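Thanks, everyone. I'll take one helix first, then the ligand shell, then the core. Have the model open as I talk.

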Amino acid sequence: MLAGKTVVVTGGAGFIGSNLCESLLEKGATVICLDNLSTGKLENIVTFRNHPQFRLIEGDIRDLSVCLSAFAGADYVLHHAALGSVPRSIQDPHTTNEVNVAGFLNVLEAARQTSIKRLVYASSSSVYGDWEESPKIETRTGNLLSPYAVSKYTNELYAGVYQRLHGLPCIGLRYFNVFGKRQNPLGEYAAVIPRFINLLKKGEQPTIFGNGTQARDFTYIENVVQVNLKALVSAPTSTGRCYNVACGVATSLNELFALIVRLMANYYPEVAHIQPRYAPPRPGDIPFSLASIELAKTHLGYAPTHFLAEGLAATIDWYLRSDN
Ligand SMILES: NC(=O)c1ccc[n+]([C@@H]2O[C@H](COP(=O)([O-])OP(=O)(O)OC[C@H]3O[C@@H](n4cnc5c(N)ncnc54)[C@H](O)[C@@H]3O)[C@@H](O)[C@H]2O)c1
(Lines give C-alpha, C1' and ligand atoms only; values in the text may rest on other atoms or scores of the structure.)
Protein backbone atom coordinates (compact mmCIF):
# COMPACT_ATOMS: atom_id res chain seq x y z
CA MET A 1 0.00 0.00 0.00
CA LEU A 2 3.01 2.31 0.25
CA ALA A 3 4.38 1.70 -3.24
CA GLY A 4 4.12 4.91 -5.25
CA LYS A 5 3.63 7.05 -2.12
CA THR A 6 6.02 9.73 -0.95
CA VAL A 7 6.95 9.59 2.72
CA VAL A 8 9.01 12.20 4.56
CA VAL A 9 11.06 10.77 7.41
CA THR A 10 12.29 13.53 9.73
CA GLY A 11 15.33 12.34 11.64
CA GLY A 12 15.85 9.81 8.85
CA ALA A 13 19.63 9.71 9.35
CA GLY A 14 19.22 8.64 12.98
CA PHE A 15 18.84 5.18 14.47
CA ILE A 16 15.08 4.61 14.13
CA GLY A 17 14.67 6.95 11.14
CA SER A 18 17.31 5.23 9.00
CA ASN A 19 15.71 1.82 9.61
CA LEU A 20 12.37 3.34 8.55
CA CYS A 21 13.84 4.85 5.36
CA GLU A 22 15.37 1.51 4.42
CA SER A 23 12.13 -0.40 4.92
CA LEU A 24 10.01 2.19 3.06
CA LEU A 25 12.35 1.97 0.06
CA GLU A 26 12.00 -1.83 0.11
CA LYS A 27 8.21 -1.36 -0.01
CA GLY A 28 8.50 0.83 -3.13
CA ALA A 29 7.87 4.23 -1.52
CA THR A 30 9.73 7.42 -2.40
CA VAL A 31 11.54 8.63 0.71
CA ILE A 32 12.56 12.15 1.67
CA CYS A 33 14.86 12.21 4.66
CA LEU A 34 14.93 15.55 6.51
CA ASP A 35 17.78 15.63 9.02
CA ASN A 36 20.26 18.18 10.36
CA LEU A 37 22.81 15.43 11.14
CA SER A 38 23.17 16.60 14.74
CA THR A 39 22.93 13.15 16.31
CA GLY A 40 22.31 11.29 13.04
CA LYS A 41 25.09 10.21 10.68
CA LEU A 42 25.59 9.84 6.95
CA GLU A 43 26.96 6.33 7.65
CA ASN A 44 23.43 5.35 8.74
CA ILE A 45 22.05 6.00 5.25
CA VAL A 46 25.06 4.90 3.22
CA THR A 47 23.46 1.65 2.01
CA PHE A 48 20.57 3.48 0.31
CA ARG A 49 21.93 7.02 -0.17
CA ASN A 50 22.08 6.51 -3.95
CA HIS A 51 18.73 4.75 -4.28
CA PRO A 52 16.78 6.50 -7.08
CA GLN A 53 13.75 6.94 -4.79
CA PHE A 54 15.70 8.42 -1.89
CA ARG A 55 16.54 12.06 -1.25
CA LEU A 56 18.34 13.60 1.72
CA ILE A 57 17.48 17.17 2.69
CA GLU A 58 20.04 18.39 5.17
CA GLY A 59 18.01 20.87 7.18
CA ASP A 60 16.61 21.76 10.58
CA ILE A 61 13.01 21.30 11.73
CA ARG A 62 13.40 24.50 13.76
CA ASP A 63 13.05 26.30 10.40
CA LEU A 64 9.44 26.22 9.17
CA SER A 65 10.42 26.99 5.57
CA VAL A 66 12.67 23.90 5.54
CA CYS A 67 9.77 21.73 6.72
CA LEU A 68 7.43 23.28 4.14
CA SER A 69 9.75 22.59 1.23
CA ALA A 70 10.51 19.03 2.43
CA PHE A 71 6.80 18.18 2.83
CA ALA A 72 5.54 19.77 -0.42
CA GLY A 73 3.94 17.06 -2.58
CA ALA A 74 4.44 14.27 -0.02
CA ASP A 75 1.69 11.92 1.16
CA TYR A 76 2.84 11.06 4.67
CA VAL A 77 5.27 12.16 7.38
CA LEU A 78 7.00 9.90 9.88
CA HIS A 79 8.35 12.40 12.39
CA HIS A 80 11.42 11.13 14.26
CA ALA A 81 13.68 14.19 14.45
CA ALA A 82 14.20 15.08 18.11
CA LEU A 83 16.84 15.28 20.78
CA GLY A 84 16.55 12.06 22.78
CA SER A 85 17.90 11.30 26.25
CA VAL A 86 16.51 12.26 29.65
CA PRO A 87 19.94 13.35 31.04
CA ARG A 88 20.55 15.62 28.01
CA SER A 89 17.21 17.32 28.59
CA ILE A 90 18.05 17.93 32.26
CA GLN A 91 21.44 19.43 31.32
CA ASP A 92 20.13 21.53 28.43
CA PRO A 93 16.35 21.91 28.64
CA HIS A 94 16.26 24.89 26.27
CA THR A 95 17.69 23.06 23.27
CA THR A 96 15.50 20.01 23.95
CA ASN A 97 12.49 22.32 24.02
CA GLU A 98 13.48 24.18 20.83
CA VAL A 99 13.92 20.98 18.83
CA ASN A 100 11.31 18.73 20.40
CA VAL A 101 8.53 21.28 20.98
CA ALA A 102 9.04 24.29 18.68
CA GLY A 103 10.39 21.96 15.96
CA PHE A 104 7.38 19.68 16.39
CA LEU A 105 5.03 22.65 16.00
CA ASN A 106 6.76 23.48 12.71
CA VAL A 107 6.26 19.88 11.58
CA LEU A 108 2.53 20.06 12.40
CA GLU A 109 2.14 23.45 10.76
CA ALA A 110 4.01 22.36 7.62
CA ALA A 111 1.95 19.13 7.49
CA ARG A 112 -1.25 21.18 7.71
CA GLN A 113 -0.17 23.69 5.06
CA THR A 114 0.97 20.99 2.62
CA SER A 115 -2.13 18.78 3.19
CA ILE A 116 -0.19 15.77 4.45
CA LYS A 117 -2.58 12.80 4.66
CA ARG A 118 -1.21 11.44 7.94
CA LEU A 119 1.47 12.31 10.47
CA VAL A 120 2.91 9.52 12.59
CA TYR A 121 5.28 10.80 15.28
CA ALA A 122 7.60 9.40 17.92
CA SER A 123 6.43 9.89 21.48
CA SER A 124 7.96 8.09 24.44
CA SER A 125 7.27 5.90 27.46
CA SER A 126 8.70 8.81 29.50
CA VAL A 127 5.22 10.38 29.39
CA TYR A 128 4.15 7.86 32.07
CA GLY A 129 6.43 9.62 34.57
CA ASP A 130 5.93 8.36 38.10
CA TRP A 131 2.74 6.41 37.34
CA GLU A 132 3.33 3.16 39.22
CA GLU A 133 0.54 0.95 37.93
CA SER A 134 1.76 -1.83 35.67
CA PRO A 135 1.44 -2.49 32.81
CA LYS A 136 1.18 1.09 31.53
CA ILE A 137 -2.01 1.79 29.63
CA GLU A 138 -2.33 4.75 27.34
CA THR A 139 -5.00 6.69 29.23
CA ARG A 140 -3.21 6.83 32.59
CA THR A 141 -0.08 8.90 33.10
CA GLY A 142 1.61 10.28 36.21
CA ASN A 143 3.76 13.28 37.06
CA LEU A 144 6.42 13.92 34.44
CA LEU A 145 10.02 13.48 35.60
CA SER A 146 12.16 15.29 33.00
CA PRO A 147 12.12 18.10 30.40
CA TYR A 148 12.34 15.36 27.74
CA ALA A 149 9.09 13.84 29.04
CA VAL A 150 7.47 17.29 29.01
CA SER A 151 8.53 17.74 25.37
CA LYS A 152 7.03 14.41 24.30
CA TYR A 153 3.82 14.94 26.26
CA THR A 154 3.51 18.41 24.70
CA ASN A 155 3.83 16.78 21.27
CA GLU A 156 0.82 14.62 22.08
CA LEU A 157 -1.22 17.64 23.21
CA TYR A 158 -0.34 19.64 20.08
CA ALA A 159 -1.06 16.70 17.77
CA GLY A 160 -4.49 16.32 19.38
CA VAL A 161 -5.19 20.01 18.83
CA TYR A 162 -4.11 19.90 15.16
CA GLN A 163 -6.34 16.90 14.53
CA ARG A 164 -9.38 18.44 16.25
CA LEU A 165 -8.85 21.98 14.94
CA HIS A 166 -7.53 21.35 11.43
CA GLY A 167 -8.44 17.73 10.72
CA LEU A 168 -4.78 16.65 10.38
CA PRO A 169 -4.78 12.89 11.09
CA CYS A 170 -2.06 12.15 13.67
CA ILE A 171 -0.86 9.02 15.43
CA GLY A 172 1.61 9.11 18.32
CA LEU A 173 3.80 6.11 19.09
CA ARG A 174 5.07 5.83 22.64
CA TYR A 175 8.29 3.89 22.22
CA PHE A 176 9.65 1.82 25.08
CA ASN A 177 13.49 1.49 24.96
CA VAL A 178 14.08 0.73 21.31
CA PHE A 179 17.29 -1.09 20.32
CA GLY A 180 18.90 -2.53 17.19
CA LYS A 181 21.36 -1.81 14.41
CA ARG A 182 22.66 1.76 13.94
CA GLN A 183 21.90 2.96 17.47
CA ASN A 184 24.74 5.19 18.61
CA PRO A 185 26.88 3.34 21.20
CA LEU A 186 29.09 6.33 22.03
CA GLY A 187 28.87 9.42 24.19
CA GLU A 188 27.34 10.26 27.54
CA TYR A 189 23.77 10.04 26.16
CA ALA A 190 24.11 6.59 24.56
CA ALA A 191 21.30 4.10 25.27
CA VAL A 192 22.04 1.18 27.56
CA ILE A 193 22.15 -1.73 25.05
CA PRO A 194 24.64 -0.32 22.51
CA ARG A 195 26.67 1.14 25.39
CA PHE A 196 26.98 -2.26 27.10
CA ILE A 197 27.83 -4.03 23.84
CA ASN A 198 30.48 -1.48 22.91
CA LEU A 199 32.21 -1.58 26.30
CA LEU A 200 32.12 -5.37 26.58
CA LYS A 201 33.57 -5.62 23.08
CA LYS A 202 36.57 -3.59 24.32
CA GLY A 203 36.83 -5.75 27.46
CA GLU A 204 35.69 -2.84 29.67
CA GLN A 205 33.28 -2.90 32.60
CA PRO A 206 29.88 -1.25 31.88
CA THR A 207 28.18 0.87 34.56
CA ILE A 208 24.65 0.18 35.78
CA PHE A 209 23.02 3.23 37.38
CA GLY A 210 21.08 2.10 40.47
CA ASN A 211 21.05 -1.48 41.76
CA GLY A 212 20.06 -2.99 38.41
CA THR A 213 16.59 -4.12 39.48
CA GLN A 214 14.94 -1.33 37.50
CA ALA A 215 13.17 -2.90 34.54
CA ARG A 216 12.39 -1.88 30.98
CA ASP A 217 10.22 -3.17 28.13
CA PHE A 218 13.01 -3.46 25.54
CA THR A 219 11.73 -3.21 21.97
CA TYR A 220 13.62 -4.43 18.92
CA ILE A 221 13.74 -2.07 15.94
CA GLU A 222 11.90 -4.47 13.59
CA ASN A 223 8.79 -4.13 15.76
CA VAL A 224 9.05 -0.34 15.60
CA VAL A 225 9.39 -0.35 11.81
CA GLN A 226 6.38 -2.65 11.53
CA VAL A 227 4.13 -0.44 13.65
CA ASN A 228 5.14 2.75 11.82
CA LEU A 229 4.25 1.27 8.44
CA LYS A 230 0.95 -0.05 9.81
CA ALA A 231 0.12 3.30 11.41
CA LEU A 232 0.42 5.03 8.03
CA VAL A 233 -2.39 2.97 6.52
CA SER A 234 -4.55 1.94 9.50
CA ALA A 235 -8.27 2.80 9.66
CA PRO A 236 -9.06 6.53 10.00
CA THR A 237 -10.67 5.76 13.38
CA SER A 238 -7.23 4.80 14.71
CA THR A 239 -5.94 8.39 14.37
CA GLY A 240 -6.07 11.06 17.06
CA ARG A 241 -4.52 8.72 19.64
CA CYS A 242 -1.22 7.51 21.06
CA TYR A 243 -0.17 3.88 21.25
CA ASN A 244 2.38 2.03 23.33
CA VAL A 245 5.03 0.36 21.19
CA ALA A 246 6.79 -2.37 23.15
CA CYS A 247 6.82 -6.13 23.62
CA GLY A 248 4.84 -6.38 26.85
CA VAL A 249 7.75 -7.98 28.74
CA ALA A 250 9.79 -6.31 31.52
CA THR A 251 13.49 -7.17 31.90
CA SER A 252 15.71 -5.82 34.68
CA LEU A 253 19.05 -4.23 33.84
CA ASN A 254 20.79 -7.03 35.74
CA GLU A 255 19.00 -9.63 33.58
CA LEU A 256 19.78 -7.62 30.46
CA PHE A 257 23.45 -7.44 31.37
CA ALA A 258 23.62 -11.21 31.99
CA LEU A 259 21.93 -11.93 28.65
CA ILE A 260 24.25 -9.64 26.68
CA VAL A 261 27.30 -11.19 28.39
CA ARG A 262 26.07 -14.70 27.56
CA LEU A 263 25.47 -13.84 23.89
CA MET A 264 28.76 -11.96 23.50
CA ALA A 265 30.73 -14.75 25.14
CA ASN A 266 29.93 -16.80 22.02
CA TYR A 267 32.22 -14.42 20.14
CA TYR A 268 34.61 -13.33 22.92
CA PRO A 269 34.82 -16.01 25.69
CA GLU A 270 36.69 -13.62 28.03
CA VAL A 271 33.56 -11.41 28.24
CA ALA A 272 31.92 -14.10 30.43
CA HIS A 273 34.05 -12.92 33.40
CA ILE A 274 33.14 -9.21 33.22
CA GLN A 275 30.93 -7.91 36.03
CA PRO A 276 29.05 -4.58 35.90
CA ARG A 277 30.07 -1.58 37.99
CA TYR A 278 27.21 0.03 39.99
CA ALA A 279 26.73 3.79 40.32
CA PRO A 280 24.01 5.91 41.99
CA PRO A 281 20.68 6.07 40.11
CA ARG A 282 20.28 8.91 37.61
CA PRO A 283 17.65 11.60 38.26
CA GLY A 284 14.62 11.44 35.97
CA ASP A 285 14.90 7.68 35.39
CA ILE A 286 11.73 5.61 35.68
CA PRO A 287 12.14 2.60 38.05
CA PHE A 288 9.85 0.14 36.27
CA SER A 289 8.47 0.30 32.76
CA LEU A 290 6.21 -2.35 31.27
CA ALA A 291 3.68 -1.64 28.52
CA SER A 292 0.28 -2.94 27.67
CA ILE A 293 0.30 -3.26 23.87
CA GLU A 294 -3.37 -4.19 23.51
CA LEU A 295 -4.41 -0.85 21.99
CA ALA A 296 -1.81 -0.99 19.21
CA LYS A 297 -2.72 -4.63 18.52
CA THR A 298 -6.43 -3.80 18.23
CA HIS A 299 -6.29 -0.51 16.32
CA LEU A 300 -3.09 -0.79 14.27
CA GLY A 301 -2.78 -4.55 13.84
CA TYR A 302 0.61 -4.44 15.59
CA ALA A 303 2.11 -7.80 16.54
CA PRO A 304 5.70 -7.88 17.79
CA THR A 305 7.75 -10.37 15.79
CA HIS A 306 11.02 -10.13 17.74
CA PHE A 307 11.46 -10.45 21.50
CA LEU A 308 14.48 -9.45 23.54
CA ALA A 309 16.75 -12.49 23.11
CA GLU A 310 16.46 -12.76 19.33
CA GLY A 311 16.62 -8.97 18.87
CA LEU A 312 19.76 -8.86 21.02
CA ALA A 313 21.38 -11.71 19.11
CA ALA A 314 20.83 -9.88 15.79
CA THR A 315 21.98 -6.55 17.28
CA ILE A 316 25.16 -8.00 18.79
CA ASP A 317 25.94 -9.72 15.51
CA TRP A 318 25.56 -6.39 13.68
CA TYR A 319 27.77 -4.45 16.14
CA LEU A 320 30.47 -7.07 16.07
CA ARG A 321 30.53 -7.12 12.28
CA SER A 322 30.42 -3.33 11.85
CA ASP A 323 33.02 -0.77 12.94
CA ASN A 324 30.67 0.60 15.64
N1 LIG B 1 15.53 5.08 20.81
C2 LIG B 1 14.59 4.97 21.74
O3 LIG B 1 14.61 4.07 22.57
C4 LIG B 1 13.45 5.96 21.78
C5 LIG B 1 12.50 5.82 22.81
C6 LIG B 1 11.44 6.72 22.86
C7 LIG B 1 11.31 7.69 21.90
N8 LIG B 1 12.26 7.81 20.92
C9 LIG B 1 12.10 8.89 19.93
O10 LIG B 1 12.27 8.34 18.63
C11 LIG B 1 12.84 9.34 17.77
C12 LIG B 1 14.08 8.79 17.09
O13 LIG B 1 15.02 8.45 18.11
P14 LIG B 1 16.41 7.74 17.80
O15 LIG B 1 16.69 6.83 18.91
O16 LIG B 1 16.42 7.23 16.41
O17 LIG B 1 17.42 8.97 17.94
P18 LIG B 1 18.57 9.51 16.96
O19 LIG B 1 19.28 10.58 17.73
O20 LIG B 1 19.37 8.39 16.43
O21 LIG B 1 17.72 10.15 15.78
C22 LIG B 1 17.21 11.46 15.81
C23 LIG B 1 17.50 12.10 14.47
O24 LIG B 1 16.93 13.42 14.46
C25 LIG B 1 17.87 14.31 13.88
N26 LIG B 1 17.61 15.65 14.40
C27 LIG B 1 17.79 16.08 15.68
N28 LIG B 1 17.47 17.38 15.77
C29 LIG B 1 17.05 17.77 14.53
C30 LIG B 1 16.61 19.00 14.00
N31 LIG B 1 16.53 20.10 14.74
N32 LIG B 1 16.27 19.05 12.69
C33 LIG B 1 16.39 17.93 11.89
N34 LIG B 1 16.82 16.75 12.35
C35 LIG B 1 17.15 16.67 13.66
C36 LIG B 1 19.23 13.78 14.31
O37 LIG B 1 20.30 14.23 13.50
C38 LIG B 1 19.00 12.28 14.21
O39 LIG B 1 19.32 11.80 12.92
C40 LIG B 1 13.07 10.56 18.64
O41 LIG B 1 11.93 11.40 18.55
C42 LIG B 1 13.14 9.99 20.04
O43 LIG B 1 12.78 10.94 21.02
C44 LIG B 1 13.32 6.97 20.84
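Start with α4, residues 93–113. This is a predicted model, so keep that in mind throughout. α4 has 21 residues. From its first C-alpha to its last it reaches 29 Å, close to the 30 Å expected at 1.5 Å a residue. Still, α4 has a kink of about 25 degrees. Where is the kink in α4 centred? On Gly 103.

Gly 103 is also one of the buried residues of α4. The others are Thr 96, Val 99, Asn 100, Phe 104, Val 107, Leu 108, Ala 110 and Ala 111. Look at the spacing. An α-helix has 3.6 residues a turn, so residues three or four places apart point the same way. What do the buried residues of α4 pack against? Two helices before it, α2 (64–71) and α3 (86–91), plus α5 (147–166). On the strand side, β1 (6–10), β4 (76–79) and β5. After α4 comes Ser 115, with a positive phi near 55 degrees.

Now the ligand. Its shell holds 28 residues. Closest are Gly 11, Gly 14, Gly 40, Ala 82 and Ala 122. α1 (15–26), α4 and β5 (118–124) each give two or more residues to that shell. Which element gives the most? α1, with 3 residues. By class, the shell splits into 13 nonpolar, 12 polar and 3 charged residues.

So, α1 itself. It has 12 residues and reaches 17 Å, first C-alpha to last, close to the expected 16 Å. Why call α1 largely enclosed by the rest of the structure? Because 9 of its 12 residues are buried. Among them are Phe 15, Ile 16, Asn 19, Leu 20 and Glu 22. Gly 28 follows α1, and its phi is positive, near 90 degrees.

On to the core. The largest nonpolar core has 82 residues. Val 7 and Val 77 have the most contacts inside it. Take Val 77. Beyond its neighbours within four places in sequence, Val 77 touches Val 8, Thr 10, Phe 71, Val 107, Ala 111, Ile 116 and Leu 119. Val 107 and Ala 111 are on the buried list of α4. There is also a second, separate core of 9 residues, including Tyr 128, Leu 144, Tyr 148 and Tyr 153.

Last stop, Leu 186. It lies in the loop between β7 (178–179) and α6 (192–201). Buried or exposed? Leu 186 counts as exposed, because it has 10 C-beta neighbours inside 10 Å.

Terms used:
Residues numbered from 1 in each chain as written. Predicted model: local features only at pLDDT ≥ 70, side-chain atom pairs only at ≥ 80, totals over all residues. Near = placed C-beta within 6 Å. Helix = DSSP H or I, 4+ residues; strand = E, 2+ residues; numbered from the N terminus. Nonpolar A, V, L, I, M, F, W, Y, C, P; charged D, E, K, R; others polar. Expected span 1.5 Å × (residues − 1). Bend = angle between axes of the 7 residues up to and from the residue. Buried ≥ 20, exposed ≤ 12 C-beta atoms within 10 Å, placed from the backbone. Contact = placed C-beta atoms within 7 Å. Core = buried A, V, L, I, M, F, W, Y, C linked by C-beta atoms within 7 Å.
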